[in-house]
Amino acid sequence: MPDGAVSGRDSRRRSIVASAAGLLGAGLLPESELAHAASPPVLSAPTVAPDPQSGRKAMIGKIAIEEHFVTADAKAYLPALGVTTEVQRHIDDGLTDVERYRLPEMDRNGVQMQVVSLTADGVQLEPDRSKAIDVAKRANDELAEKFLKRHPSRFACLAAVALQDPKAAADELERAVRQLGFKGVLANGFSNLGDLNTAEYYDDPKFLPFWERVAALDVPFYLHPRGPLDSQRAIYAGHPELLGPAWAFGVETGTHALRLITSGLFDRFPSLRLVIGHLGEGLVPMMWRAQNRFDYAPFGKVLKKPLAQYLKDHFYISTSGNFHTPTLLNVIAEMGVDRVLFAVDYPYERSDQAASWFDNCPIGEEARQKIGRLNAITLFKLQGLAP
């Protein structure tokens, strides 16, 4: 093995051990786990089941909360990913299927339930208000019929809403929650309105009636990424590899979340709960610096709490598509274990990679159960699932 590979592996191990030591000091990691922080722990029998193919021990009963599907209408809104033909075929099959690929993959990896939502860019990309409303409604009806009605013990659903019309979005969310049994709402970033070069972010006062309805329904809002407007991509010129999930998604979503915080939205609606994925879209390690500079230059904005406190009080963070142990440990240390939830980002990410990583993370078994299952039951009010 090349020396560089050994050095990189040792560096990663030291990083994991250092993060684990920090969690031990905070009381989030049992002392017995620290010695094994650089290697997978052996899980106790009540929480594991052997995979019949790989023999790997896995936590059973996981709930994955950022999993996707697509309707025939919404295929037109799928962004180009730049992946190989084989990978794209896997994604396309996964987005439209339930029984042939999705459920068996869940079973193989100890995933009891997926929380499913319409994939990016979804109705947010549709600039025509009336069409966006129609596409969202039909997507929710299909999601309810294809997933929830046929497999009520395996799927929960998040509503698609056309925020091109905030009142219509609020009404559709209420219909989805009260009539279809959905557990929350997901928007794929900002919404286009009128044309594809117009972006509306949800800190705008026009969206207050929508947020009021979200708070009244007492359901979580998942802020999912999308890429920036074509007219705002100069920094990515010549570097398409940085667009999408590699980098631009996180920058766009993290900034959107900060806009919501600094707008005073959570002072107005203190019960609002939002979810962001990918272990926080880069926000968590940057909050101290954001606060420090905000203190110097708030530009007239007055908030009741520090920026990081809004993140801790109003946001939950999922592991979707970011299976990196030091980052997870940092998020737990900053946010608290009750604010972190397991997710795969199916079918864009591999369930076996996500599950293998999570099942073997050097965290205590109580933390694993909370992140892998219990926090989702609480947040999404998944009645009928035993804690």
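Two strands pair if DSSP finds at least two bridges between them. That rule is needed to follow the sheet in this predicted model.

Start with the whole protein. Its secondary structure comes to 14 helices and 12 strands. It has 387 residues, and 51% of them count as buried. Many contacts reach across the sequence. Take the contacts between residues at least 6 apart: 76% of these join residues at least 24 apart.

Now find the sheet. It is open, and it has 8 strands. Their order is β3-β4-β5-β6-β9-β10-β11-β12, and the pairing is parallel. Which strands stand at the edges? They are β3 and β12 (340-341). Each has a single partner strand, so one side of each is left without a neighbour in the sheet.

Walk along the sheet from β3, which spans residues 62-69. An edge place in the sheet does not leave this strand bare: 8 of its 8 residues are buried. Its partner is β4, residues 111-118. The two run parallel and are joined by 6 bridges. Within this pair, E67 stands opposite V116 of β4.

Move on to β5 (155-160). This strand runs parallel to β6, and 3 bridges join them. A159 has V185 in β6 as its bridge partner. Strand β6 covers residues 184-188. On its other listed pairing, β6 runs parallel to β9, with 4 bridges between them. Here A187 is bridged to L223 of β9.

Pause at A187, which is found in strand β6. Is this residue buried or exposed? A187 has a relative accessible area of 0%. Buried means under 20%, so A187 is buried. Its contacts fit that picture of a covered residue. Not counting residues up to four places away in sequence, A187 touches Q124, L163, Y202, F221, Y222, L223 and H224. Four of these names return in the next strand: F221, Y222, L223 and H224. A187 can also be placed relative to V161, 26 residues away along the chain. Their C-alpha atoms are separated by 6.9 Å.

Next comes β9, residues 221-224. In a regular strand the side chains alternate between the two faces of the sheet. In β9, F221 and L223 point one way. Y222 and H224 point the other way. All of them are buried. Strand β9 also runs parallel to β10, and 2 bridges join this pair. Across it, F221 stands opposite L274 in β10.

Turn to the helices. Two packed helices are described by the angle between their axes and the distance between the axes. Take α5 (129-149) and α6 (residues 166-178) first. They pack at an angle of about 10°, and their axes are 11 Å apart. Angles under 35 degrees count as roughly parallel, and α5 and α6 are therefore roughly parallel to each other. From α5, the residues I133, A136, K137, N140 and D141 take part in the contact. They meet A168, E172 and R175 of α6. By class, this contact has 3 nonpolar, 1 polar and 4 charged residues.

Leave α5 towards β5, and the loop between them holds H151. At 17% relative accessibility, H151 counts as buried. Leaving aside its neighbours within four places in sequence, H151 is in contact with V98, E99, L103 and K146. V98 is 53 residues from H151 along the chain, and their C-alpha atoms are separated by 9.4 Å.

The last pair is α10 (residues 287-296) and α11 (residues 307-314). How do they pack? Their angle is about 135°, with the axes 8 Å apart. α10 and α11 are therefore oblique to each other. M287, A290, Q291 and F294 of α10 meet L307, A308 and L311 of α11. The residues of this contact divide into 6 nonpolar, 1 polar and no charged.

Stay with α11. Its residues L307, Y310, L311 and H314 are buried. Seen down the helix axis, the buried residues fall within an arc of 100°, so they line one face of α11. What covers them? The cover includes the helices α8 (248-262), α9 (265-268), α10 and α12 (325-335). It also includes the strands β10 (274-276) and β11 (315-318). Both of these strands have a place in the sheet order.

How values were computed:
Residues are numbered from 1 along each chain as its sequence is written. This is a predicted model: local features need pLDDT of at least 70, side-chain atom pairs count only at pLDDT 80 or more; totals for chains, interfaces and linings use all residues. Side-chain values use heavy atoms; hydrogens and water are left out. Axes are lines fitted to C-alpha atoms, for helices over the stretch in contact, and angles run from 0 to 180 degrees between N-to-C directions. Angles under 35 degrees count as roughly parallel, over 145 as roughly antiparallel, 65 to 115 as roughly perpendicular and the rest as oblique. Contact means heavy atoms within 4.5 Å. Ala, Val, Leu, Ile, Met, Phe, Trp, Tyr, Cys and Pro count as nonpolar, Asp, Glu, Lys and Arg as charged, and the others, Gly among them, as polar. Buried means under 20% relative accessible area, exposed over 50%, partly exposed in between (1.4 Å probe, protein chains only). The arc is that of the directions from the helix axis to the C-beta atoms.
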